[in-house]
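Visitor: I've got a structure open and I'd like to learn how to read it, feature by feature. Could you walk me through it?

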Amino acid sequence: MTELTGKKIVVGVTGGVAAYKAAELVRLLVKAGAEVHVAMTEAGARFVTPVTFQALSGRTVWVDAWDARMPNNMAHIDLTRGAAALIIAPASADFMAKLAHGMADDLLSTLCLARDCPLLVAPAMNRQMWQSPPTQRNAAQLRADGVAVLGPAAGEQACGETGDGRMLEAEELFAALLAHVTPKRLAGRRVLMTAGPTFEALDPVRGLTNISSGKMGYALAAACANAGAEVTLVSGPVSQPTPWGVQRIDVRSAADMHRAVMQHLARQDIFIGVAAVADFRPARVAGDKIKKTAGAPPTIELLENPDILADVAAQPVPPFCVGFAAESCELDTYATDKLRRKRLKLVVGNLVQDGMGGDDNVVVLYDATGRHPLPPGPKAAVARGIVDHLAALLPPA
Ligand code: PMT
């Protein structure tokens with residue numbers, strides 16, 4: 001279940017090589033349980049045929065404004081009624097020009113003009129076409145009209161040139177749509193978060209770390225951003241993609257993480273510590289790789305790391321502080337102790353054997369009113385549950 005489940009989404013495809021990515025977008029939306037309707041321009045249908053979109057969406061694909069299959073012949077009106085969003089992907093330079101000037105000379109442009117739902121466009125074109133003054137004027141006009149212009153990205157183009165104009169990937173467009181349809185429970189809030197493990201160096205190639213994958217923290221960062229928050233994510237070394245709309249700061253050690261958090265703490269409304277921060281670090285970091293001496297393994301002396309969450313919560317005017325508690329037993333006892341001892345507003349408790357490293361999690365929320373178990377599930381769903389609970393606890397903005 002996502003916020004897209006059961007929602008009607010209309011995907012408009014115009015003429016461009018990137019039309020192949022729209023097929024993947026439709027597949028992702030259908031997989032998420034959305035009701036997907038596809039309308040194409042004639043140029044779009046030359047790049048990928050309607051048959052592909054029909055097979056992926058399981059619905060009739062609309063191209064012709066004079067198509068008599070719609071019982072009242074009002075496809076240009078009916079298709080967006082009840083839709084949560086209309087996304088044009090790819091949006092060609094020509095189609096953006098039409099949209100900016102309110103032209104309606106085919107089914108898709110008429111649909112855009114007659115819509116009663118938010119419109120998102122994902123430009124895809126050669127870099128010179130994108131940078132040309134008319135296209136830039138048209139993009140600015142669309143933004144001024146309340147249209148969300150997604151991308152374009154920079155990179156290698158189908159024409160062989162390199163620059164701005166590549167359509168965003170299907171996964172990025174899916175994330176943008178998900179953000180678009182999610183209720184804005186954290187609108188106007190600034191959230192600073194930590195996620196992932198830390199790495200405490202022993203020598204240039206070795207160190208102490210843990211098995212946190214960053215999945216829980218990244219899912220929560222995405223859920224906060226989708227709920228309208230401005231999110232800064234201080235991340236230990238992980239291989240997770242940066243969530244849509246999140247500002248990411250990469251760090252390695254607990255000391256780096258502490259420094260980055262303190263640098264970005266001013267004006268934050270909420271702090272969430274999801275990172276599995278190493279409590280200790282080696283007292284000395286060898287400049288060269290430690291050599292093996294037979295029969296004399298080295299002894300590692302450890303020093304205590306700063307507690308980032310406790311330091312944030314101890315600020316004179318702290319943000320709303322949320323901590324995680326990763327335990328292997330007696331979750332209630334340890335989590336409620338952390339709530340009180342670290343002076344937190346909310347603690348998310350989980351057993352390491354349930355959630356660390358994997359895709360799913362089982363969490364219990366602890367706050368001043370008691371314990372609140374969330375339904376077990378994928379980390380994205382658990383993250384949405386945490387955001388809903390957190391939003392309800394916040395003082396008015
Ligand atoms: O990354 P995943 O594989 O998805 O796994 C998710 C998770 C299990 C790591 C996550 O759900 C979780 O529980 N994170 C907190 C892990 C942890 O270090 O818990 P703790 O009980 O040791 O620390 C309590 C709190 O203090 C945490 O919010 C932690 O971020 C914070 N802390 C701890 C030590 C320290 N030096 N600085 C801190 O800020």
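**Reading the model, one feature at a time**

Guide: Let's start with one side chain: a polar atom of the side chain of Thr 194 lies 3.2 Å from the backbone nitrogen of Ala 275. That fits the idea of a polar contact, a pair of N or O atoms within 3.5 Å; within protein, one must be able to donate a hydrogen and the other to accept it, and residues adjacent in sequence count only if both atoms are side-chain atoms. Before we go on, this is a predicted model: local features need pLDDT of at least 70, side-chain atom pairs count only at pLDDT 80 or more, and totals for chains, interfaces and linings use all residues. Residues are numbered from 1 along each chain as its sequence is written, and side-chain values use heavy atoms, with hydrogens and water left out.

Visitor: Is Thr 194 buried or exposed?

Guide: The cut-offs come first: buried means under 20% relative accessible area, exposed over 50%, and partly exposed in between, using a 1.4 Å probe and protein chains only. Thr 194 has a relative accessible area of 2%, so it counts as buried.

Visitor: Where is Thr 194 found, and what is it in contact with?

Guide: Helices (H or I, at least four residues) and strands (E, at least two) are DSSP runs, numbered from the N terminus. Thr 194 is in strand S9, residues 190–195. Contact means heavy atoms within 4.5 Å. Leaving aside neighbours within four places in sequence, the contacts of Thr 194 include Leu 233, Met 257, Phe 271 and Ala 275.

Visitor: And how do I get a feel for the protein overall?

Guide: Try the totals. The protein has 15 helices and 22 strands, and its C-alpha trace spans about 80 × 50 × 40 Å along the principal axes. Of the 397 residues, 49% are buried. Take the contacts between residues at least 6 apart in sequence: 68% of them join residues at least 24 apart.

Visitor: How many disulfides are there?

Guide: A disulfide is a pair of cysteine sulfur atoms within 2.5 Å. By that rule the count comes to 0.

Visitor: Why is there no bond for the sulfur of Cys 224?

Guide: Because the closest cysteine sulfur, in Cys 321, is 14 Å away, too far for a bond. Turn to Cys 321 and its closest cysteine sulfur is the one in Cys 224, at 14 Å. Both are buried: Cys 224 has a relative accessible area of 0%, and Cys 321 has 2%.

Visitor: How do I describe two helices that pack together?

Guide: Two packed helices are described by the angle between their axes and the distance between the axes. Axes are lines fitted to C-alpha atoms, for helices over the stretch in contact, and angles run from 0 to 180 degrees between N-to-C directions. Take helix H10 (residues 215–226) and helix H15 (residues 379–393): their axes come within 8 Å and cross at roughly 55 degrees. That makes H10 oblique to H15. Angles under 35 degrees count as roughly parallel, over 145 as roughly antiparallel, 65 to 115 as roughly perpendicular, and the rest as oblique. Our cysteine turns up here too: Cys 224 is among the H10 residues that meet H15, whose side of the meeting includes Ala 383 and Val 387.

Visitor: Which hand does the crossing of H10 and H15 have?

Guide: It's right-handed. A crossing is left-handed if the near helix is turned anticlockwise from the far one by less than a right angle, and right-handed if clockwise.

Visitor: What about backbone oddities?

Guide: Most residues other than glycine have a negative phi, and most peptide bonds are trans. Now for the exceptions. The peptide bond from Ala 89 to Pro 90 is cis, with omega near 0 degrees, and Pro 90 lies in strand S4, residues 83–91. Gly 151 and Pro 152 are also joined by a cis peptide bond, with omega about 0 degrees; Pro 152 sits in the loop between strand S6 (148–149) and strand S7 (153–156).

Visitor: Which phi does Arg 267 have, and where is its place?

Guide: Arg 267 isn't a glycine, yet its phi is positive, about 70 degrees. Its place is in the loop between helix H11 (254–263) and strand S14 (270–273), and at 62% relative accessibility Arg 267 counts as exposed.
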